[in-house]
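I opened this structure to see how its parts meet and what surrounds its ligand. My entries follow the order in which I looked things up.

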Amino acid sequence: MDTMSTATACDLWFQAEVGRLSTTDERTAAEFSRRQEELEDILLARAKEEGRAVNELGPAPEWGEEPKGRQPRIIIIGAGVGGLAMGAKLREAGYSDFVIIEKSTDLGGTWHHNNYPGVACDVASYFYSFSFFKNPAWSQMFAPGKEIKQYLSDVADHYDLRRNIRFGTAVDRCLYKDGRWHVETQTGEVIEGDFLVPATGFLHIPKLPDIPGLDSFEHDKFHSSRIPEGYDFSGKRVGVIGNGSSSVQIVSSVVEKAAHVTVFQRTAQWIFPAPNDYYSEKRRRMLEYYPELMQRLFDFFMDMYNTGFGNGAVGDKESQRRFAEACEANLATISDPELRTKLTPDYPVMCKRLIFSHSYYTALQKPNCTLEVEQIDRIEAQGVRLTDGRLVELDVLVLATGFDTHAYCRKLDIQVANGPLLVDAWQEGARSFESIGLAGFPNLLFVGGPYSTVGNLSTMTCAELQVNYIIRLLNEMKQRGATTIMPKQDEQDRFVEEMEAAVVNTVWVTGCRSWYLDERGRIDIWTKSPEAFMERMTSGPDLNKYELIA
Ligand code: NA7
């Protein structure tokens, strides 16, 4: 075996990876793993023989060549995935005059705020990475939140972005006047710039349930994203309201320590049985030497998410059927028929964001866990009162009730002097042109705004595509000597119509409530396939669809 070429060993390792991920048979999977381990030994030895360098990322890259002409000053809001992608790519493109305003004391956005037990991403780690900063060191198939935060920290260090970040600075108001954006912070300071890039994310503002008596609970109570890091659930009677991805991860983790866990479920969810494999130290070391394998892993998972999952959500019946079968088979593993009935959704798979978990059903079947489907009447000092009159006494209450996913950057009070206010422009629902600009708002460029592909594409990939689009837009403006840009209203209207026409094909409007729908039942995420989004982002921008002012 060790006489094979390095290229063949890489091929075989990758084929074994695909085989392992494609089989549901544990013995076959174990055989693939064993073969991979042998190949890792060979590949590590080869790396030494061939004098391969560890693919270390090294010091921050030199600034890209400055585009000719005056440098625009760019104000980015948020040092999460979107803001950091923007900073890294600006730096690479030579735009040195930018500031990232971050209200927290550290970077990472969602991955800074969410510190609950079991926090992890539901997108495979090799794909939940920037294509320009692949990470051989992921420890698991679905990386824990802490690792993702560390990864983002590494991105910031590598691109030397910390010096551009203003931590602990909350924005109050963004006013466009006299041809510039004036960003006023809560301390009254005004930061001026030519472009405003809100990269504030959408899993950001906690949505608290409108349950009567919420404030009367006398013990610890947290939104899932505000559980203090290291909070000790040991020996406590824990109540968790909600059963989305956050709840599923919390419950699966906390059940090991808590005296009892009660999950208050309003609507059953489909659960896709995804094992969360650990990646061995040897595998990680091997991958450091083989960027070509990192690329293949990235491409493989991208294809799996886009064609397998993404296309299913926007109408591919074959993909929907495969996901439905896997979820139904998972549900069938629940031995107690009463519990199984409680956990059976009455809407199609993927209508709500699909939950990936290999441990939730196991947790629910533990003797110290109860799934409560009687609805909540009110919260009282000692616990949760159900509509049938029972009181579930608790020592700690977790509100895993999601986020205000449609707020986007409304809180920033964005407005144009003598012109529109963002909240008015979005009165009938958030919108944008091609997920980037907004008619009536000069030099306002979103990363992760309305019509981003939050459905299925990795947020990292989505941000990267948008940022590359923005850089091309800035470069083209420079070439044309333009200083101000905004989408033409009719082009934006046509784009919104295109998105709304495609909604009917999606599984998101097949009869469930989810965070994809706003309070009017309107969808403001990308409604076509992930490939169509990638195509739009990489072929754009078409500056004929924008108004340009020199
Ligand atoms: P989600 O997925 O929005 O889930 C919120 C959960 O909270 C869901 O089960 C809701 O039930 C439930 N909920 C919300 N309000 C209430 C009230 N008032 N009463 C009872 N139950 C309620 O949020 P997550 O934080 O879990 O996940 C967000 C995303 O983060 C996730 O999709 C991943 O991409 C990462 P409902 O189903 O609406 O009946």
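These notes go from the domains to the ligand.

I note at the start that this is a predicted model, in which local features need pLDDT of at least 70 and side-chain atom pairs count only at pLDDT 80 or more, while totals for chains, interfaces and linings use all residues. Residues are numbered from 1 along each chain as its sequence is written, and side-chain values use heavy atoms, with hydrogens and water left out.

Entry one, the domains. I found domain 1 (74–205 + 405–549) and domain 2 (214–269 + 352–399), with bounds from an automatic or database domain assignment. Their centres, taken over C-alpha atoms, are 32 Å apart.

Entry two, the interface. I looked up contacts (heavy atoms within 4.5 Å) and found 20 residues of domain 1 touching 18 residues of domain 2. Two salt bridges are counted between the domains, each being a side-chain nitrogen of Lys or Arg within 4 Å of a carboxyl oxygen of Asp or Glu. I also looked up Glu229 and Lys146, whose side chains form a salt bridge at 2.3 Å, N to O.

Entry three, the ligand. Where does the ligand lie with respect to domain 1 and domain 2? Both domains give residues to the shell around the ligand, so it lies between them. I checked three side chains for N or O atoms beside a ligand oxygen: Lys352 has one at 2.5 Å, Arg266 has one at 2.9 Å, and a polar side-chain atom of Trp515 is also 2.9 Å from a ligand oxygen.

Key: A polar contact is a pair of N or O atoms within 3.5 Å; within protein, one must be able to donate a hydrogen and the other to accept it, and residues adjacent in sequence count only if both atoms are side-chain atoms.
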